[in-house]
Amino acid sequence: ASSAPVRRAAEPGVYETLRATSVYEDPSASSRILSKVGKGTRVNVVRSVGDWLEVRSNRGNPPGFVRSDDAMLVSKAN
């Protein structure tokens, strides 16, 4: 049995970035970077994929992924 902590799936909702981070096209650090967001940016998370959060923009930017370590839940989706 592995003693690694089990990561809970992130909950959909509004998250705030803990540091400046990149938004990737796919849930992989080797995928194309779509944009960068600054520390304290609020992002809408629709689901988690492994260690990644899928984010959707209110401003019409394409959906993308940020590392789950780089954002913190502010309010849950209703």
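A strand here is a DSSP run of E of at least two residues, and strands are numbered from the N terminus. With that in place, the chain reads β-β-β-β-β-β-β along its sequence, which comes to zero helices and seven strands. I should say at once that this is a predicted model, and everything I describe is computed from it.

Let me begin with the chain as a whole. Of its 78 residues, 27% count as buried. Among the contacts with a separation of 6 or more, 53% are between residues 24 or more positions apart.

I turn now to strand β5, residues 52-56, where several features come together. This strand is mostly covered, with four of its five residues buried. On one side β5 pairs with β4 in the antiparallel sense over five bridges, and within that pairing Val-45 has Val-55 as its bridge partner. The two strands form a hairpin with two residues between them, and Gly-50 in the turn has a positive phi of about 60°. β5 also pairs with β6, residues 64-67, again in the antiparallel sense, over four bridges, and there Glu-54 stands opposite Phe-65.

Glu-54 deserves a further word, and that brings me to the salt bridges, of which a search of the whole structure finds six. Glu-54 forms one of them with Arg-47, the closest N and O atoms being 2.4 Å apart. Is Glu-54 buried or exposed? Its relative accessibility is 7%, and since buried means under 20%, Glu-54 counts as buried. Its partner Arg-47, by contrast, is partly exposed, with a relative accessible area of 44%. The arrangement extends beyond this pair, as salt bridges that share partners join Arg-47, Glu-54 and Arg-56 into one network.

A second salt bridge to look at is the one in which the side chains of Glu-16 and Arg-42 meet, at 3.1 Å from N to O. Why does this pair tie together parts that are apart in sequence? Glu-16 lies in strand β1, residues 13-17, whereas Arg-42 lies in strand β4, so the salt bridge links parts 26 residues apart in sequence. Glu-16 counts as partly exposed at 24% relative accessibility, while Arg-42, with a relative accessible area of 52%, is exposed.

A further salt bridge joins the side chains of Arg-32 and Glu-25, at 3.3 Å from N to O. Here Arg-32 is exposed, with a relative accessible area of 52%, and Glu-25 counts as partly exposed at 34%.

Finally, the pocket. The largest pocket in the model has a volume of about 320 Å³. Which residues lie nearest its centre? Of the 18 residues that line the pocket, those are Val-43, Arg-56, Ser-57, Arg-59 and Asn-61. The elements that give two or more residues to this lining are β3 (33-37), β4 (42-49) and β5 (52-56). By residue class, the lining divides into eight nonpolar, seven polar and three charged residues.

If you keep the structure in view, Arg-56 is a useful place to end, as this residue belongs to the salt-bridge network with Arg-47 and Glu-54 and is also among the residues nearest the centre of the largest pocket. The hairpin strands β4 and β5 likewise both contribute to the pocket lining.

Notes. Residues numbered from 1 in each chain as written. Predicted model: local features only at pLDDT ≥ 70, side-chain atom pairs only at ≥ 80, totals over all residues. Heavy atoms only, no water. 1 Å grid on protein atoms, 1.4 Å probe; cavity = no way out; pocket = protein on both sides within 12 Å on 5 of 7 lines; lining within 4 Å. Points joined across faces, edges and corners; volume = space filled by probe spheres on them. Nonpolar A, V, L, I, M, F, W, Y, C, P; charged D, E, K, R; others polar. Salt bridge = Lys/Arg side-chain N within 4 Å of Asp/Glu carboxyl O. Buried < 20%, exposed > 50% of the residue type's maximum accessible area, 1.4 Å probe, protein only. Pairing = 2+ DSSP bridges. Contact = heavy atoms within 4.5 Å.
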